[in-house]
Amino acid sequence: MNKKIKTVVMLCSALAILLCGCSAGPAGGQGAGGAGAEAPENAQILLRGLGDQDITVTLEELMELESVTEKAEAPRSNGQIVSVKAEGPLLDTLMAKYGKSKSDYSTIRFYAADGYSIAMPSEVIEKDDIIIAYKDDGKWIGQEDGPLRVVVPGERAMYWVRMLSQIDFENGESAQTPEKLIILDTALPAMKTKKIEINGASVTAAAAEQLIAAYGDINDNTIRNVFMKASDGLSKNETRDNFMANYIRIGEDGTLEFTGQGLPEGMTVQGLMTVNYGDTAFVSMKQYADSLGIAPGQEIPASSVLRDMDMANYEEFEFEGIDGSSIEIRASEMANMSLLYDGSSVCLAEEGMIIIRNLLEIEAES
Ligand SMILES: Nc1nc2c(c(=O)[nH]1)N[C@H]1C(S)=C(S)[C@@H](COP(=O)(O)O)O[C@H]1N2
Ligand SMILES: [Mo]
């Protein structure tokens with residue numbers, strides 16, 4: 001047999017084995033055979049708030065549930081695309097095993113082994129398939145992303161929690177109607193700030209806990225969640241503990257960011273606009289003006305600020321400056337009042353005349 005013919009024969013038999021493997025033999029690749037086919041050991045998640053007791057669910061138990069396989073893509077905050085072919089049970093299927101459904105809860109919070117966590121709001125919970133994926137493209141999900149990853153097709157990648165370790169099922173908390181609004185553009189510069197290291201850079205920041213100690217009820221332990229919004233429309237619900245342990249970074253131009261040493265980057269809130277803590281709300285007028293496309297120096301009607309901060313239902317307000325000067329204004333007299341943000345400070349003005357400089361707070365009178 002010459003060399004050429006020998007090669008052809010070898011190719012033919014290889015092909016025969018391949019064909020045979022495909023049609024009759026054991027499935028290659030992801031099944032019993034292929035590389036990396038071993039299921040990860042000791043993979044499990046903790047479920048809290050689903051029953052009276054915490055529940056541990058192992059990978060084996062997840063694999064016994066009916067699974068789905070869905071291709072999904074989502075943009076990261078940096079514009080890159082995360083793309084997966086997720087395989088695993090739906091959260092619905094897992095919850096049904098314990099006699100519960102997603103509609104029993106207003107918030108579902110996912111935690112990961114690297115300290116990342118995110119609360120999924122009811123709009124997202126209701127409409128979307130939430131997959132507890134154990135495989136991506138037919139392969140077990142590696143350590144960096146798994147062994148379990150949440151995948152929510154059609155939703156932003158921040159909900160796609162890698163290294164899933166725990167799920168908390170929560171009820172009842174949403175942002176309260178504020179009684180008091182603190183103007184961060186005035187409050188923060190007057191606070192003791194710190195230099196903290198973030199990603200190797202030293203930045204100026206105020207401890208969230210100090211901000212709350214100064215303006216909110218720090219001892220109110222009924223408050224479990226803190227609500228944040230950014231000027232780009234992002235809204236976040238953080239546990240009180242997590243909020244308190246972190247910082248509000250103050251950029252050179254007054255831009256705010258919720259951040260902290262050791263806080264996973266995906267949990268930072270850039271362009272922080274509002275914070276709701278119990279019945280105290282905080283607003284960055286810089287960020288608020290940005291979100292509306294209002295240039296510095298332009299008047300913003302006081303009534304629209306109050307409406308946007310969900311404070312339109314009160315009859316009277318007290319406006320107070322950082323120097324203690326104050327004025328009471330009835331809702332019916334609000335038409336001539338406006339807030340002026342000049343790029344650094346905020347004033348209260350009546351028909352363009354400044355009444356209070358460095359406005360610190362607006363309190364609803366009852
Ligand atoms: N465990 C964990 N999961 C996480 C994050 C994280 O920091 N830790 N970041 C989230 C954010 S903000 C994004 S945009 C996506 C990024 O997906 P990728 O890590 O596959 O690139 O993961 C999400 N899941
Ligand atoms: Mo992100």
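The following exchange takes up the surroundings of ligand 1, a set of paired strands and two backbone features in a predicted model.

Colleague: Which residues surround ligand 1, and what makes a residue count as near the ligand?

Modeller: A residue is near a molecule if one of its heavy atoms lies within 4 Å of it, and the residues around ligand 1 are Arg76, Val82, Ala112, Asp114, Tyr116, Arg149, Ala157, Met158, Trp160, Val161, Arg162 and Gly266.

Colleague: How is that shell divided by class, and why is Gly266 not counted among the nonpolar residues?

Modeller: The shell around ligand 1 has 7 nonpolar, 1 polar and 4 charged residues. Gly counts as polar under the definition used, so Gly266 falls in the polar class.

Colleague: What makes the approach of Asp114 to ligand 1 a polar contact?

Modeller: A polar contact is a pair of N or O atoms within 3.5 Å, and a polar side-chain atom of Asp114 lies 2.8 Å from a nitrogen atom of the ligand, so the pair qualifies. Oxygen atoms of ligand 1 are approached as well, by a polar side-chain atom of Arg149 at 3.0 Å and by one of Arg162 at 2.7 Å, and these distances therefore also meet the cut-off of 3.5 Å.

Colleague: How much of ligand 1 does the protein bury, and which pocket does the ligand take up?

Modeller: Taken alone, ligand 1 exposes 530 Å², of which the protein buries 87%, and the space that the ligand takes is the largest pocket.

Colleague: How do you know that strands E13 and E14 pair?

Modeller: Pairing requires at least two bridges found by DSSP, and E13 (residues 194-198) is joined to E14 (residues 201-207) over 5 bridges in the antiparallel sense, so the two strands are a pair. Ile198 has Ala201 in E14 as its bridge partner, and in this hairpin, with 2 residues between the strands, Asn199 takes a positive phi near 50°.

Colleague: Why is E17 also called a partner of E14?

Modeller: E14 and E17 (residues 247-250) run antiparallel and are joined by 3 bridges, which satisfies the requirement of at least two, so they too count as paired. Ala207 stands opposite Tyr247 in E17.

Colleague: Where is a cis peptide bond found, and where does a positive phi occur at Asp310?

Modeller: The peptide bond from Gly146 to Pro147 is cis, with omega near 10°, and Pro147 is placed in the loop between strand E9 (139-140) and strand E10 (149-151). Asp310, although not a glycine, has a positive phi of about 65°, and this residue lies in the loop between helix H9 (302-308) and strand E23 (316-321).

Technical notes:
Residues are numbered from 1 along each chain as its sequence is written. Chains are lettered from A and ligands numbered from 1 in the order in which they are written. This is a predicted model: local features need pLDDT of at least 70, side-chain atom pairs count only at pLDDT 80 or more; totals for chains, interfaces and linings use all residues. Side-chain values use heavy atoms; hydrogens and water are left out. A polar contact is a pair of N or O atoms within 3.5 Å; within protein, one must be able to donate a hydrogen and the other to accept it, and residues adjacent in sequence count only if both atoms are side-chain atoms. Accessible areas come from the Shrake-Rupley method with a 1.4 Å probe; for residues, only the protein chains shown count as cover. On a 1 Å grid over the protein atoms alone, a cavity is a set of points where a 1.4 Å probe fits but cannot get out, and a pocket is an open set with protein on both sides within 12 Å along at least five of seven lines; lining residues have an atom within 4 Å of a point. A molecule sits in a cavity or pocket if more than half of its atoms lie within 2 Å of its grid points. Helices (H or I, at least four residues) and strands (E, at least two) are DSSP runs, numbered from the N terminus.
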